[in-house]
Amino acid sequence: MRAVFLDRDGTIIEDMVYLSDPERLRFLRGAVEALRKLYRAGYLLFVVTNQSGLKRGFLSLERLLVIHRKLDLLLRREGILIKKFAFCPHHPNERCRCRKPETFMVKRILKEYPGISLDESYTVGDKYTDVLLGKKVGTKTILIGEKDADKAHPDYVVRDLLQASEIILGKG
Ligand SMILES: [Mg+2]
Ligand SMILES: [Zn+2]
């Protein structure tokens with residue numbers, strides 16, 4: 001099995017800086033189409049997101065779960081199934097095992113889905129920490145946007161998730 005580990009904010013949906021209102025959830029251009037293509041090609045899709053806004057007091061756990069349920073529902077309507085929405089609820093100061101670039105969220109997924117072949121899988125995100133996570137767990141890495149490209153050294157730099165999907169599907 002092959003998987004794509006996806007960042008949420010700035011990768012699938014607009015980065016609102018601590019999104020707490022489900023009404024403000026907006027897909028980035030091309031993101032739904034990209035996810036549909038990957039899903040139809042048989043990739044297992046996982047969202048892996050840092051949500052320190054929980055500890056910073058910007059949103060409640062309840063709100064976060066509502067946002068993820070809404071995201072899941074909107075994508076299901078488009079025929080896309082996200083296998084899991086994994087999130088780190090901690091503040092950076094807590095030095096937890098799950099906040100990206102730490103690997104615990106992905107490790108837990110790999111325990112649940114032991115058939116995932118990491119060297120055929122991808123980690124996609126818009127930040128340095130996403131690329132570092134992908135390297136630590138042994139997937140290929142795709143960075144969206146040039147911002148962190150110099151320090152992150154990803155396998156690929158793309159403009160958006162749609163272009164990432166084209167690379168993953170061998171059409172890039
Ligand atoms: Mg992001
Ligand atoms: Zn954590």
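## A buried lysine and its partners

The side chains of lysine 100 and aspartate 130 come together in a salt bridge, with 2.7 Å from N to O, in what is a predicted model. Lysine 100 sits in the loop between strand 3 and helix 4, whereas aspartate 130 belongs to helix 5 (residues 128–137), so this pair ties together parts that are 30 residues apart in sequence. Both lysine 100 and aspartate 130 are buried.

Lysine 100 also meets the side chain of aspartate 7 in a salt bridge, here with an N to O distance of 2.9 Å. Because lysine 100 lies in the loop between strand 3 (84–88) and helix 4 (104–112), while aspartate 7 lies in the loop between strand 1 (3–6) and helix 1 (31–40), the pair ties together parts that are 93 residues apart in sequence. With a relative accessibility of 5%, lysine 100 counts as buried, and aspartate 7, at 7%, counts as buried too. Through shared partners, the salt bridges join Asp7, Lys100 and Asp130 into one network.

## The magnesium site

Aspartate 7 takes part in metal binding as well: the protein donors of the magnesium ion (ligand 1) are Asp7 (OD), Asp9 (O) and Asp126 (OD), lying 2.1 Å from the ion. Along the chain, the donors of this magnesium ion follow the spacing D-x1-D-x116-D. Aspartate 9 is placed in the loop between strand 1 and helix 1, and aspartate 126 in the loop between strand 4 (122–125) and helix 5, so that these two tie together parts that are 117 residues apart in sequence.

The surroundings of these donors can be described by their accessibility. Aspartate 9 is buried, having a relative accessible area of 13%, and aspartate 126 is likewise buried, with a value of 12%; aspartate 7, as noted above, counts as buried at 7%.

## A pair within helix 1

Side chains of opposite charge can pair when their charged atoms come close. The structure holds ten salt bridges, and one that lies within a helix is formed by glutamate 33 and lysine 37, whose closest N and O atoms are 3.4 Å apart. Both residues lie in helix 1, where they are four residues apart, or about one turn of the helix.

Glutamate 33 is partly exposed, with a relative accessible area of 36%, and lysine 37 is also partly exposed, with a relative accessible area of 32%. In the network described earlier, by contrast, lysine 100 and aspartate 130 are buried.

Technical notes. Residues are numbered from 1 along each chain as its sequence is written. Chains are lettered from A and ligands numbered from 1 in the order in which they are written. This is a predicted model: local features need pLDDT of at least 70, side-chain atom pairs count only at pLDDT 80 or more; totals for chains, interfaces and linings use all residues. Side-chain values use heavy atoms; hydrogens and water are left out. A salt bridge is a side-chain nitrogen of Lys or Arg within 4 Å of a carboxyl oxygen of Asp or Glu. Buried means under 20% relative accessible area, exposed over 50%, partly exposed in between (1.4 Å probe, protein chains only). Donors are N, O and S atoms within 2.8 Å of the metal (3.2 Å for Na, K and Ca); water is not among the atoms, so sites may look incomplete.
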